[in-house]
Amino acid sequence: MKILFLSAELAPLAKEGGLGDVAGALPKALADLGVDITIFLPFYGSIDVKKYPAKKICRIKIPINIGRKTATVWQTKLPKINIPVYLIKHNYFKSKLIYTDERIFKKNKYTRGMEDIKRFAFFDSACLEAARALKFKPDVIHANDWHTALITTLLKQKENGFFSQTKVLYTIHNLANQGIAEPEIVGFSKLDSDLPIVKADLKNGDINFMVQGILNGDLISTVSKNYAKEITASFYGAGLDKIIKKRRKDLYGILNGIDTDFFNPETDKYIKQKYSIKSLDKKAENKLALQKRLGLPQNKNIALIGIVSRLVWQKGFELITEEFGKLDCQFAILGTGQPQYEKHFKELAKKYPDKFSAQITFDAELAQQIYAGADIFLMPSRFEPCGLGQMIAMRYGAIPIVRATGGLADTVNNKVGFCFKEFSRAALRRTVKKALNVYYNQPQKWRELQKNGMKKDFSWNKSAKEYLKLYKKLCR
Ligand code: GLC
């Protein structure tokens with residue numbers, strides 16, 4: 001079975017969030033199950049060609065309305081694993097950014113300008129041309145999120161026999177980003193405006209890439225069972241719940257995994273003191289090292305709460321108010337995102353320098369030092385399709401405090417952490433206080449929670465098997 005895996009991000013070559021982590025790990029787990037898998041990715045200006053040498057394979061012409069229609073296809077590899085990665089090179093992807101549009105906060109969701117829409121529409125057309133040029137005829141194209149959703153539309157209108165047997169699995173990682181395009185995209189991508197699905201979408205005055213993926217995908221999936229359920233109702237459906245409901249019987253929820261070789265406190269080379277479930281006492285060394293690095297008072301007894309996240313609306317960080325500066329704990333915050341959240345944390349750090357450290361940057365090493373040094377890991381998300389941080393935290397013996405939504409509710413319960421339902425400051429504060437109480441007054445129970453979390457299996461193997469089942473279903 002031949003699978004073509006498409007995503008806008010691929011760790012470690014090009015990553016902004018969880019999508020990149022998934023693309024970097026799931027194909028590997030599938031290959032371990034014997035699946036023949038190939039990845040296509042835009043050749044972003046930021047891809048480090050010294051680290052990932054790429055060889056030019058061929059030149060392709062993209063059927064699209066744009067000045068320069070030719071692109072080149074380059075081949076590279078994921079480090080240490082033998083999965084071919086083809087990079088599509090064109091001026092469009094010269095920027096060092098994966099996403100170039102200014103994010104606009106609008107009606108509780110992000111919309112993006114037309115630049116990214118066109119870049120990814122171009123990528124989708126290019127993928128089909130590249131596959132053809134490479135004579136790579138996939139049984140299944142696994143498209144991820146809106147960036148690669150237009151593939152499903154293009155395949156519907158290709159009278160061409162090359163892809164006639166190809167099926168598509170479309171995976172939703174986040175409904176908040178939908179790829180809403182002005183109607184000019186129809187001409188740009190040479191979409192067939194008589195195609196019923198294109199016609200129907202145009203009635204709303206735009207072409208919504210996410211909608212195209214959801215309606216055209218042969219099967220669709222999302223990244224946790226709970227999120228799959230949630231998005232059929234209006235609260236979490238981001239305006240698409242009715243459309244998703246139509247596909248309910250073809251919609252699957254498959255929980256993401258984490259790379260358990262990479263995220264392993266026993267072997268992690270970025271942390272001061274390696275430790276395991278049997279030597280949890282050593283974890284405190286990492287807390288002291290972290291406090292030192294961040295300029296927080298060094299004290300191995302004080303509870304340290306870690307946050308590693310994109311700092312965006314979805315993540316609910318406005319629930320962390322000034323009052324948290326009065327609690328008996330420290331906060332180590334790492335991430336970048338929307339200016340208002342970056343500012344929020346910077347201000348807290350200024351006001352309570354002994355309690356808050358806000359590192360507004362992207363730093364994979366520091367991230368691991370936070371997982372290793374923190375006692376608690378906080379994710380008060382408004383919504384969370386899956387969430388990877390809580391799983392990494394558990395692997396490192398940091399106790400998650402999460403809002404019970406999406407994948408957070410599927411992975412955290414009171415045997416491994418603390419959950420709250422209501423999205424409110426009071427509910428979060430209550431839950432943090434409850435956790436601090438256990439931390440300070442019931443050390444035995446705390447140890448139990450840590451051990452239960454560390455014993456959980458979040459490896460990709462299980463999820464990869466479920467994806468394989470879907471691929472097989474598509475190929476029947
Ligand atoms: C998105 C979601 C996150 C999920 C990730 C990978 O970033 O917000 O919840 O874990 O995609 O699927």
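Which residue is the bridge partner of Ile 305 in E17? In this predicted model, the partner of Ile 305 is Ile 376. The pairing belongs to a set of parallel strands that is described here from E14 outwards, followed by the ligand site and three buried side chains elsewhere in the chain.

Strand E14 spans residues 303-308, and 5 of its 6 residues are buried, so the strand is largely enclosed by the rest of the structure. Strand E15, residues 329-334, runs parallel to E14 and is joined to it by 6 bridges. Strand E17, residues 376-379, also runs parallel to E14, with 2 bridges between them. Gly 306 takes part in both pairings: its bridge partner in E15 is Ala 332, and in E17 it stands opposite Phe 377.

The side chains of E17 alternate in direction. Ile 376 and Leu 378 point one way from the strand, whereas Phe 377 and Met 379 point the other way. All four of these residues are buried. Beyond its bridges to E14, strand E17 pairs with strand E18, residues 399-403, in the parallel sense over 4 bridges. Within that pairing, Ile 376 stands opposite Ile 399. Ile 376 is thus placed opposite Ile 399 in E18 and is also the bridge partner of Ile 305.

The ligand site was examined next. The shell around the ligand draws residues from domain 1 (2-257 + 461-474) and from domain 2 (280-457), so the ligand lies between the two domains. There are 14 residues around the ligand, of which His 173, Asn 256, Glu 384, Cys 386 and Gly 387 come nearest. Sorted by class, the shell holds 6 nonpolar, 6 polar and 2 charged residues.

Polar side-chain atoms of several residues lie close to oxygen atoms of the ligand, as the following distances show. For His 173, one of the residues that come nearest to the ligand, a polar side-chain atom is 2.7 Å from a ligand oxygen atom. An N or O atom in the side chain of Gln 314 is 3.0 Å from an oxygen atom of the ligand. For Arg 310, the separation between a polar side-chain atom and a ligand oxygen atom is 3.3 Å. On its own, the ligand has 310 Å² of accessible area, and the protein covers 94% of it.

Three further residues were considered, each buried within a helix or strand. Gln 368 is located in helix H12, residues 364-373. The relative accessibility of Gln 368 is 3%, and the residue therefore counts as buried, the cut-off being under 20%. Although Gln 368 and Tyr 270 are 98 residues apart along the chain, their C-alpha atoms are separated by 6.8 Å.

His 142 is part of strand E8, residues 140-144. With 0% relative accessibility, His 142 also counts as buried. The side chain of His 142 is joined to that of Tyr 471 by a polar contact of 2.7 Å.

Phe 120 is found in helix H2, residues 114-133. The relative accessible area of Phe 120 is 0%, and this residue is buried. In sequence, Phe 120 and Pro 42 are 78 residues apart, while the distance between their C-alpha atoms is 8.7 Å.

How values were computed. Residues are numbered from 1 along each chain as its sequence is written. This is a predicted model: local features need pLDDT of at least 70, side-chain atom pairs count only at pLDDT 80 or more; totals for chains, interfaces and linings use all residues. Side-chain values use heavy atoms; hydrogens and water are left out. Buried means under 20% relative accessible area, exposed over 50%, partly exposed in between (1.4 Å probe, protein chains only). Two strands pair if DSSP finds at least two bridges between them. A residue is near a molecule or strand if one of its heavy atoms lies within 4 Å of it. A polar contact is a pair of N or O atoms within 3.5 Å; within protein, one must be able to donate a hydrogen and the other to accept it, and residues adjacent in sequence count only if both atoms are side-chain atoms. Accessible areas come from the Shrake-Rupley method with a 1.4 Å probe; for residues, only the protein chains shown count as cover. Ala, Val, Leu, Ile, Met, Phe, Trp, Tyr, Cys and Pro count as nonpolar, Asp, Glu, Lys and Arg as charged, and the others, Gly among them, as polar. Domain bounds come from an automatic or database domain assignment.
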